[in-house]
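Dear colleague,

I am passing on a structure that I would like you to look through at your own pace. Please open it first, and then read my notes beside it.

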Amino acid sequence: MTEKTKNDEIYEIPISNKDNDENEELMSSDENTPKQNSGEEQQLSEEERVPEERDYINMIQRLKAEFENYKRRVRKEREELSDFVKRELIEKLLPVLDDFERMLDNAHKI
């Protein structure tokens with residue numbers, strides 16, 4: 001929505017009701033000068049900031065939980081990889097150990 005002033009300048013006015021209410025409170029009806037903030041208005045703005053702070057706290061808590069899950073997942077993947085490597089090594093070494101045992105058994109017979 002646009003609005004013209006006495007000087008024929010066009011100003012954009014936000015459509016959101018919250019923004020309109022804030023703009024109307026800050027501007028006096030007779031002049032285009034901002035009003036002085038009273039203690040109540042300043043207190044309201046601090047109270048309005050509380051949900052933002054809660055959002056930030058929630059976001060930080062979610063990020064912390066995601067990071068903990070990431071560390072747990074990486075630890076589990078590392079353990080699984082270690083188990084896989086050990087299993088592969090043992091499977092390759094078993095035939096060699098069997099051959100050594102047979103060789104030792106036959107060496108005593110000769």
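Below I describe the overall layout, then an aromatic pair, and then a charged patch on the surface.

Please keep in mind throughout that this is a predicted model. The protein contains two helices and two strands, and if you follow the sequence from its beginning you will meet them in the pattern β-β-α-α. Of the 110 residues in the protein, buried residues make up 2%. The protein exposes about 10,900 Å², and carbon and sulfur atoms supply 53% of that area.

The count of aromatic pairs comes to one. This pair is formed by Phe 67 and Tyr 70, whose rings are stacked, with 6.2 Å from centre to centre and 25° between the planes. Both residues belong to helix H2, where they sit three residues apart, which is about one turn of the helix. Phe 67 is partly exposed because its relative accessible area of 47% falls between the limits of 20% for buried and 50% for exposed. Tyr 70 is likewise partly exposed, with a relative accessible area of 42%.

Which residues form the negative surface patch? The patch is made up of Glu 77, Glu 79, Glu 80 and Asp 83. Glu 77 is found in helix H2, which covers residues 39-109, and this residue is partly exposed, with a relative accessible area of 45%. That value is over the 30% that a residue needs in order to be part of a patch.

With best wishes

Notes: Residues numbered from 1 in each chain as written. Predicted model: local features only at pLDDT ≥ 70, side-chain atom pairs only at ≥ 80, totals over all residues. Heavy atoms only, no water. Patch = residues over 30% accessible without salt bridge, like charges linked within 9 Å, V, L, I, M, F, W, Y side chains within 5 Å. Areas by Shrake-Rupley, 256 points an atom, 1.4 Å probe, with all protein chains shown as cover. Salt bridge = Lys/Arg side-chain N within 4 Å of Asp/Glu carboxyl O. Lys, Arg positive; Asp, Glu negative; His and termini not counted. Charge placed at Lys NZ, Arg CZ, Asp CG, Glu CD. Helix = DSSP H or I, 4+ residues; strand = E, 2+ residues; numbered from the N terminus. Buried < 20%, exposed > 50% of the residue type's maximum accessible area, 1.4 Å probe, protein only. Phe/Tyr/Trp six-rings, centres within 6.5 Å; stacked < 30°, edge-to-face > 60°.
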